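Reader: I would like to learn how to read cavities, sheets, helix packing and pockets in a model. Could we begin with enclosed space?

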Amino acid sequence: MTRKITPLTERQTWKRLEAHYQQVRDLHLRKLFVDDPTRGERMTVEAVGLYLDYSKNRITDETLTLLLQLAEECGLRGRIEAMFRGEKINVTEERAVLHVALRAPRGASMVVDNENVVPQVHAVLDRMADFANRVRSGAWKGHTGKRIRNVINIGIGGSDLGPVMAYEALKHYSERAMTFRFVSNVDGTDFAEAVRDLEPAETLFIISSKTFTTLETMTNARTARDWSLAGLGGDEKAVARHFVAVSTNAAEVAKFGIDTANMFGFWDWVGGRYSMDSAIGLSTMVAVGPDHFRAMLDGFHQMDEHFRTTPFERNLPVLMGLLALWYNDFFGAHTVAVLPYEQYLKRFPAYLQQLTMESNGKYVTLDGQRVSCDTGPIYWGEPGTNGQHSFYQMIHQGTRLIPCDFIAFHRTLNPLGRHHDILLANVLAQAEALAFGKTPEQVKAEGTPDWLVPHRVFEGNRPSNMILADRLTPETLGKLVALYEHSVFTQGTIWNIDSFDQWGVELGKQLAQRIIPELESKEKPALTHDSSTNHLISQYRKLKEAL
């Protein structure tokens with residue numbers, strides 16, 4: 001049971017923020033910068049190798065003061081400490097939330113149920129490293145004696161999005177003599193295209209499923225098993241050389257034919273969307289090698305420590321979380337655009353969609369009450385400069401306010417002539433254009449006909465954060481992911497919701513299990529759904545029978 005807490009919107013600081021919003025909502029960034037020539041230097045924070053410029057946000061010093069007071073009033077400091085102490089802050093599942101232990105250095109102590117879990121974490125990491133080195137070196141052989149050249153991770157949700165994103169982000173550091181692919185969708189096309197040009201004798205599958213019962217993952221896993229055996233002469237012993245598991249269900253893993261010595265576990269205090277730096281990252285470690293994987297973990301840990309110890313006014317995740325809440329709950333901005341000006345981060349916005357929306361897409365507070373304000377904005381985005389020729393039109397001149405997070409790097413991993421200077425010029429220009437726009441007077445001064453002037457005016461006053469780092473390394477990737485993890489935590493704490501459960505994904509899965517036999521049965525089933533679902537099932541069965 002949890003104690004009933006004062007609704008957020010009844011708190012005094014919230015009411016002061018509401019009054020303050022009325023005073024500043026029409027303030028333009030042009031005026032804020034003119035009134036304070038030092039704003040662009042003052043409203044910045046640099047920590048653990050990341051530089052945040054938040055000056056182009058529609059805030060004043062008073063705004064920031066009030067938001068920081070709200071964080072204190074809502075007990076953010078205590079909640080952070082509770083997470084790092086291993087308390088069961090995931091109240092609906094009665095679990096600790098200790099993904100920070102996954103990147104704690106060897107010798108550290110983080111306790112869950114009176115046990116230091118850090119030695120367990122490093123024991124798994126050491127086993128992962130040994131396995132990754134054997135695969136990368138060719139010491140691990142397939143059933144026919146050939147070395148493994150292809151690795152396919154089969155998972156879904158957090159068991160897929162993290163590994164896919166990390167592989168793409170760190171491709172520069174990956175073993176290019178090997179092919180890495182990822183299968184998640186139960187749509188057979190996903191599997192068929194992943195293996196179309198591969199040789200079973202050279203292919204290793206990593207089956208990532210904590211329970212080893214997830215419908216989509218195990219459907220794909222069984223198909224992979226059939227595909228492998230068909231190409232390897234049907235010998236069941238081949239499975240043990242071409243499949244490993246990331247799971248905690250040894251019985252099901254063994255039943256599948258995988259040697260449990262090649263099963264890599266994790267813990268119930270690791271949520272799926274927070275698991276990319278656990279054994280779920282095995283494909284990442286095989287791709288980039290144990291040293292780069294550990295560098296990524298170190299980046300995570302640096303941000304963890306920054307979040308845990310730094311005063312809120314200089315705390316990167318806290319500031320970003322508070323700004324996201326400011327736009328979501330006071331300006332009514334429903335979305336946040338994440339815009340990495342780095343092609344390797346092309347899957348980063350998709351990764352953040354699960355991290356942010358599965359975490360904070362909740363309408364019930366920790367004490368079971370309906371929330372009193374909106375939670376969980378929609379996160380989306382694409383790498384620049386592609387988005388500039390797509391949806392930026394709406395961000396610049398649309399009727400909706402869309403706060404933006406720009407991410408860029410001082411140095412590129414692939415220096416090619418002027419490319420990087422042009423890329424950086426674009427990201428800086430977009431943030432400037434969004435903030436300051438172009439006035440009717442400026443448009444007219446360019447000789448624009450009067451009738452065309454309204455179409456070429458940019459109102460500006462569109463807020464953004466600018467996140468800069470030196471270059472994209474495994475360490476930097478860890479810092480960026482942890483930055484957003486803790487920003488999500490900050491928002492969830494203030495909204496007083498459980499950011500670590502995901503009951504919203506259950507109902508559809510349960511109904512699917514009921515519908516599957518109704519689609520597959522040879523006898524006509526008695527359908528008891530609503531009239532729409534009943535009719536759709538009947539239509540599918542008719543078309544299937546006609547084939």
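Author: The model is a predicted one. Its largest cavity has a volume of about 120 Å³.

Reader: How is such empty space found in general, and which residues lie closest to the centre of the largest cavity?

Author: Rolling a probe the size of a water molecule over the atoms shows where empty space remains. In this case 15 residues line the largest cavity, and M320, A324, V336, D405 and N465 are the closest to its centre. Two or more lining residues come from each of α14, β12, β13 and α20. The largest share belongs to α14, with four residues.

Reader: How does the lining of the largest cavity divide by class?

Author: Ten of its residues are nonpolar, four are polar and one is charged.

Reader: How many cavities of 30 Å³ or more does the structure hold?

Author: There are four of them. The second largest cavity has a volume of about 40 Å³. Its lining consists of L102, V121, V124, L125, M128, W267, D277, S278 and A279. By class that makes seven nonpolar residues, one polar and one charged.

Reader: β12 and β13 appeared in the lining of the largest cavity. In what order do the strands of their sheet run, and is the sheet open or closed?

Author: Strands of a sheet pair through backbone hydrogen bonds, in either a parallel or an antiparallel sense. Here six strands form an open sheet with mixed pairing, in the order β1-β2-β13-β12-β10-β11. The edges are β1 (44-47) and β11 (378-380); each has a single partner strand, so one side of each is left without a neighbour in the sheet. On average, neighbouring strands of this sheet are turned by 15° against each other, direction ignored.

Reader: Take one pair from that sheet. Do β2 and β13 pair in the parallel or the antiparallel sense, and over how many bridges?

Author: Strand β2 (residues 50-53) pairs with strand β13 (residues 464-469) in the antiparallel sense, over three bridges. Within this pair, L52 has I467 in β13 as its bridge partner.

Reader: Which strands does α15 touch?

Author: α15 packs on the sheet and touches β10 (335-340), β11 and β12 (404-409). Its direction makes about 165° with that of β11. Another helix, α20, lies across β2, β10, β11, β12 and β13 and runs at about 160° to β12.

Reader: Now helix against helix. At what angle do α13 and α14 pack?

Author: Two packed helices are described by the angle between their axes and the distance between the axes. For helix α13 (residues 290-309) and α14 the angle is about 70°, and the axes are 7 Å apart. Angles of 65 to 115 degrees count as roughly perpendicular, and that makes α13 roughly perpendicular to α14.

Reader: Which residues in α13 and α14 meet?

Author: On the α13 side they are M303, H306 and F307, which meet L316, P317 and V318 in α14. The contact has five nonpolar residues, one polar and no charged ones.

Reader: α1 also packs with α14. At what angle do the axes of α1 and α14 cross?

Author: The axes of helix α1 (residues 12-24) and helix α14 (residues 316-329) come within 12 Å and cross at roughly 70°. The two helices are therefore roughly perpendicular to each other. W14, L17, H20, Y21 and V24 in α1 meet L325, W326 and D329 in α14. This contact has six nonpolar residues, one polar and one charged.

Reader: That leaves the open spaces. How much space lies in the largest pocket, and which residues lie nearest its centre?

Author: About 970 Å³ lies in the largest pocket. It is lined by 36 residues, of which T214, G272, Q502, E506 and K509 lie nearest its centre. α7 (158-169), α9 (215-231), α15 (348-360) and α21 (506-520) each supply at least two residues of this lining, and α9 gives the most, with three. The lining has eleven nonpolar, 16 polar and nine charged residues.

Reader: Which elements supply the lining of the second largest pocket?

Author: α5 (76-84) and α20 (474-495) each supply at least two residues, and α20 gives the most, with four residues. About 590 Å³ of space lies in this pocket. Its lining has 31 residues, with I5, C74, L366, T493 and N496 nearest the centre. These lining residues divide into twelve nonpolar, ten polar and nine charged.

How values were computed
Residues are numbered from 1 along each chain as its sequence is written. This is a predicted model: local features need pLDDT of at least 70, side-chain atom pairs count only at pLDDT 80 or more; totals for chains, interfaces and linings use all residues. Side-chain values use heavy atoms; hydrogens and water are left out. Axes are lines fitted to C-alpha atoms, for helices over the stretch in contact, and angles run from 0 to 180 degrees between N-to-C directions. Angles under 35 degrees count as roughly parallel, over 145 as roughly antiparallel, 65 to 115 as roughly perpendicular and the rest as oblique. Contact means heavy atoms within 4.5 Å. Ala, Val, Leu, Ile, Met, Phe, Trp, Tyr, Cys and Pro count as nonpolar, Asp, Glu, Lys and Arg as charged, and the others, Gly among them, as polar. On a 1 Å grid over the protein atoms alone, a cavity is a set of points where a 1.4 Å probe fits but cannot get out, and a pocket is an open set with protein on both sides within 12 Å along at least five of seven lines; lining residues have an atom within 4 Å of a point. Grid points are joined across faces, edges and corners, and a volume is the space filled by probe spheres set on the points. Two strands pair if DSSP finds at least two bridges between them.
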